[in-house]
Amino acid sequence: MLNSPEKILPRVSPLRDIAIQGRFGASRTAPGVTFTVRHPLSIISVIARAGQGSATAAALKGYNAQWAGPDQYFVLAENLGEGALYRDLKAKLAGVASVTDQSHGRVVIRMSGPRARAVLAKGTPVDLHPDQFPVGKSALTQMAHVGVHLTRAADDAYDLSVFRGFSESFWEWMTEQAEEYGYQVI
């Protein structure tokens, strides 16, 4: 319809009926792991054009840009309007990098707590020792046959980004691995 405002549908998490809030697994006074679905979250994929790697990296200063491969980044932001981060980066990186909105196509799960590293070690060959994987570092890996973009967000916290279509099976695998330590979903 001409001259009608574009209707923007709200993002719906594919885990809304799966990630049930509560305490599960081994009964201890405090859960070893806490899971939080970071939703809604703006997620933009940025890939530098040939010869523009340094210019792309420089332009992303001040953004939450996470390494996603050589001259590739995921840029994340919370509390922005639909498409705002995409439009901002597309204008800023015009001619320097390709920009793709992944906000509807990926799910980010934050795993935190004193046993988070132990749970992750069950599924990834990435060396998660703090000397090798400091806060802010990212890696591309596989867990439970699912491609995962893994970022250490804080001392005992990791963000795991997976494609939306794999998020439910990944969630089931991840919570099963955490049962022996007890986990909480918030």
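Domain bounds in these exercises come from an automatic or database domain assignment. The model is predicted, so that local features need pLDDT of at least 70 and side-chain atom pairs count only at pLDDT 80 or more, while totals for chains, interfaces and linings use all residues. Residues are numbered from 1 along each chain as its sequence is written, and side-chain values use heavy atoms, with hydrogens and water left out.

**Exercise 1.** Find how many cavities of 30 Å³ or more the structure holds, and describe the largest cavity.

*Solution.* A cavity is a set of points, on a 1 Å grid over the protein atoms alone, where a 1.4 Å probe fits but cannot get out, and its lining residues have an atom within 4 Å of a point. By this rule the structure holds 2 cavities of 30 Å³ or more. The largest has a volume of about 120 Å³, volume being the space filled by probe spheres set on the points, which are joined across faces, edges and corners. Of its 16 lining residues, Arg38, His39, Ser103, Arg106 and Val107 are the closest to the centre.

**Exercise 2.** Describe the second largest cavity and say which domains supply its lining.

*Solution.* Begin with the volume, which is about 50 Å³. Next, list the lining: Ile43, Gln66, Phe74, Leu76, Val108, His149, Thr151, Asp159 and Ser161. Finally, turn to the domains, where domain 1 (19-40 + 105-185) and domain 2 (41-101) each give at least three residues to this lining.

How values were computed: On a 1 Å grid over the protein atoms alone, a cavity is a set of points where a 1.4 Å probe fits but cannot get out, and a pocket is an open set with protein on both sides within 12 Å along at least five of seven lines; lining residues have an atom within 4 Å of a point.
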